[in-house]
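Thanks for coming. I will walk through one chain today, starting with a helix and then moving out to the sheet and the whole fold.

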Amino acid sequence: MAKVTLIVGAVNSGKTSKLIQISQTLDKASTEGIICVKRYSANGVWHGYDHIRLSDGAQTPALTLSSFYNDEFKDFFVHGPFVFSNDAFYLEEQFLMKAIEDPSIKTILLDEIGGVELKGLGFSRVLVEALNSDKQLILCVNPDRLSSVLRHFNIEENQIEKTLRL
């Protein structure tokens, strides 16, 4: 059973920055994860998020605000104000499943576990596998979703090593 550290904060509270800061203190050879960073248009307007792998910096467009969406995803779903790329999540899921199976990887970091995962989409499957592993997990969660995430994924109090509130 995985041990979990939670980074809890509202939108734009610094969860991703804190996750990056924590990742920089960990052994790179034994850490893997995905962060979600804001994507801006050429004229500086925010219009979505990209996934970035911590180990190699690979960047993949993952979701776009519906108002900016222009058929860039072959396979997608809509949740709230965003259009999500199923292909991006599938690619990162395959990558993270290998990390979970790799005995040299001790820590998995996942940015922004929330409503999408509660619907069984996004990082839902990889989170279930990671929670059933012996890895250390560091998860970012919005406070409005925290109790639902803990309940839905059966994260028990004895699994939680610490909670960082921003």
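Start with helix H1, which covers residues 15-23. Its buried residues are Lys15, Thr16, Leu19, Ile22 and Ser23. These five span an arc of only 120° around the axis, which means they lie on the same side of H1. Before I go further, note that this is a predicted model.

What do the buried residues of H1 pack against? The list has strands in it: E1 (3-8), E2 (31-40), E7 (107-113), E8 (136-141) and E9 (160-165).

Now to the sheet those strands belong to. It is an open sheet of 9 strands, and the order across it is E5-E6-E4-E3-E2-E7-E8-E1-E9. The pairing is mixed. The edge strands are E5, residues 76-79, and E9, and each of them pairs on one side only. On average, neighbouring strands are turned by 20° against each other, with direction ignored. H1 packs on this sheet, touching E1, E2, E7, E8 and E9, and the direction of H1 makes about 175° with that of E7.

Let me take the pairings from E2 outwards. On one side, E2 and E3 run antiparallel and are joined by 7 bridges. For an example, find Arg39 and look across to E3: Gly48 stands opposite. E2 is also joined to E7, this time in parallel, by 4 bridges. There, Glu32 has Ile108 in E7 as its bridge partner.

E7 then pairs with E8, again in the parallel sense, over 5 bridges. Leu109 has Ile138 in E8 as its bridge partner. How much of E7 is buried? The count is 6 of its 7 residues, so the strand is mostly covered, given that buried means under 20% relative accessible area.

Next, two residues of E8. Leu137 sits in this strand, and so does Ile138. A general point helps here: in a regular strand the side chains alternate between the two faces of the sheet. With that in mind, compare the two contact lists.

Leu137 is buried, with a relative accessible area of 0%. Leaving out residues up to four places away in sequence, Leu137 touches Ala2, Lys3, Val4, Thr5, Ile108, Leu127, Ala130 and Leu131. From Leu137 to Asp27 is 110 residues in sequence, and 14 Å in space from C-alpha to C-alpha.

Ile138 also counts as buried, at 5% relative accessibility. With the neighbours up to four places away left out again, Ile138 touches Thr5, Ile7, Leu19, Ile22, Leu26, Thr107, Ile108, Leu109 and Leu110. Leu19 and Ile22 in that list are two of the buried residues of H1 we began with. How far apart are Ile138 and Leu19? In sequence they are 119 residues apart, and in space 7.8 Å, C-alpha to C-alpha.

One more residue, from another strand. Arg53 is found in E3, which covers residues 46-53. Is Arg53 buried or exposed? Arg53 is buried, since its relative accessible area is 12% and the cut-off for buried is under 20%. Among the residues that Arg53 touches, not counting those up to four places away in sequence, are Glu32, Gly33 and Ile34. The others are Ala58, Leu91, Glu92 and Phe95. Glu32 came up a moment ago, as the bridge partner of Ile108 in E7.

Finally, the whole chain. It has 5 helices and 9 strands. Read from the N terminus, the elements run β-α-β-β-β-β-β-α-β-α-α-β-α-β. The radius of gyration is 15 Å, close to the 15 Å that the globule rule gives for 166 residues, so the chain is as compact as a globular protein of that length. Along the principal axes, the C-alpha atoms fill a box of roughly 45 × 30 × 25 Å.

Of the 166 residues, 48% are buried. The chain exposes about 8,600 Å², and carbon and sulfur atoms supply 51% of that area. As for contacts between residues at least 6 apart in sequence, 60% join residues at least 24 apart. The pair Ile138 and Leu19 is one to look at on the screen, at 119 residues apart in sequence.

Notes. Residues numbered from 1 in each chain as written. Predicted model: local features only at pLDDT ≥ 70, side-chain atom pairs only at ≥ 80, totals over all residues. Heavy atoms only, no water. Buried < 20%, exposed > 50% of the residue type's maximum accessible area, 1.4 Å probe, protein only. Arc of directions from axis to C-beta. Contact = heavy atoms within 4.5 Å. Pairing = 2+ DSSP bridges. Axes fitted to C-alpha atoms, helices over the stretch in contact; angles between N-to-C directions. Rg over C-alpha atoms; globule rule 2.2 N^0.38 Å. Areas by Shrake-Rupley, 256 points an atom, 1.4 Å probe, with all protein chains shown as cover.
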